[in-house]
Amino acid sequence: MPLPHPRTGALFDSPVPPGSGWPGDPATARTAIATSPAQVVSMAEATGTLDELDAVVSVCRACPRLVEWREEVAVTKRKSFAGEPYWGRPITGWGAVRPAIMVVGLAPAAQGGNRTGRVFTGDRSGDFLFASLHRTGLANQATSVDAADGLTLLHTRMAAAVRCAPPGNAPTPAERSACAPWLDAEWRLVSADVRVVIALGGFAWRAALQMVRTGGGTVATPAPAFGHAVTARLTSAHGPLALIGCYHPSQQNTFTGRLTPAMMDDVFILAKREAGL
């Protein structure tokens with residue numbers, strides 16, 4: 001049964017059909033759909049703009065387990081969101097078209113980005129993250145609740161290494177590999193302007209290193225190890241690049257004090273300095 005979007009009031013099925021009017025939906029009913037890892041590779045390589053990339057990412061069906069899970073969550077829902085439609089599709093990158101800073105995370109949350117259609121939006125990790133971005137001058141507001149809430153990232157773009165919400169927040173190695181070409185394509189389209197990459201957690205750190213390698217950059221051997229506020233000096237195809245590690249703003253990290261607001265602010269302040277902002 002269609003339900004009203006929490007901001008616009010428009011009615012949507014869950015998962016949301018492409019081209020049905022969801023805020024920020026980049027796809028149409030005619031957008032080509034990748035149904036295998038090989039098709040992901042060919043379609044990612046063929047994209048020439050971020051708009052084209054976002055459209056094909058948002059309808060990808062290359063990983064059967066992830067498709068089944070994201071759509072199951074969109075139908076069963078969390079009780080507190082039972083009256084809302086769920087996006088239930090892959091999550092695109094978003095933010096500045098010519099970013100100086102790129103933030104890489106692991107994957108959307110089942111009840112967060114998988115519901116709202118925007119990564120890190122609508123959950124406590126996002127509350128923590130966007131509040132810090134706002135305090136440090138990289139976002140125009142401190143909250144992110146849905147894809148039509150007016151949030152703008154400043155000089156910054158954000159993407160997940162895996163674009164679908166995985167069961168247990170744990171994509172398999174095969175799923176990570178299948179999704180990597182989407183991140184590689186996004187990097188190809190924005191890397192000329194990026195001076196800093198922030199990796200939220202160890203998996204994102206490893207994904208970012210491989211993204212830079214695949215994009216024609218260089219990474220030292222042995223590869224630099226992840227750590228909070230650790231800065232690795234890399235070279236992209238366009239010049240010097242700083243990779244900064246940050247503990248993931250998961251509830252496990254923020255509730256225990258492993259990651260504090262001041263610690264996250266320090267990472268974004270460092271990134272701005274490295275990017276010359």
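**Close-up views of the sheet and the cysteines**

**View 1. Strands 7 and 8 form an antiparallel pair in this predicted model.** Strand 7 and strand 8, the latter spanning residues 239-246, are joined in the antiparallel sense over 6 bridges. Within this pair, Thr235 stands opposite Pro240, which belongs to strand 8.

**View 2. Helix 7 packs on the sheet.** Helix 7, made of residues 202-214, touches strand 4 (101-105), strand 6 (196-200), strand 7 and strand 8. The direction of helix 7 makes about 170° with that of strand 8.

**View 3. An open sheet of 6 strands has mixed pairing.** The strands follow one another in the order 3-5-4-6-8-7, and the sheet they form is open. Strand 3 (94-95) and strand 7 (231-236) stand at the edges with a single partner strand each, and therefore one side of each is left without a neighbour in the sheet. Strands of a sheet pair through backbone hydrogen bonds, in either a parallel or an antiparallel manner.

**View 4. Cys60 and Cys63 are shown in a structure that holds 0 disulfides.** Cys60 takes part in no disulfide, the nearest cysteine sulfur being that of Cys63, 6.4 Å away. Seen from the other residue, the closest cysteine sulfur to that of Cys63 is in Cys60, and the separation of 6.4 Å is too far for a bond, given that a disulfide is counted for cysteine sulfur atoms within 2.5 Å. Cys60 is buried, with a relative accessible area of 10%, and Cys63 also counts as buried, at 14% relative accessibility.

Notes
Residues numbered from 1 in each chain as written. Predicted model: local features only at pLDDT ≥ 70, side-chain atom pairs only at ≥ 80, totals over all residues. Heavy atoms only, no water. Pairing = 2+ DSSP bridges. Helix = DSSP H or I, 4+ residues; strand = E, 2+ residues; numbered from the N terminus. Contact = heavy atoms within 4.5 Å. Axes fitted to C-alpha atoms, helices over the stretch in contact; angles between N-to-C directions. Buried < 20%, exposed > 50% of the residue type's maximum accessible area, 1.4 Å probe, protein only.
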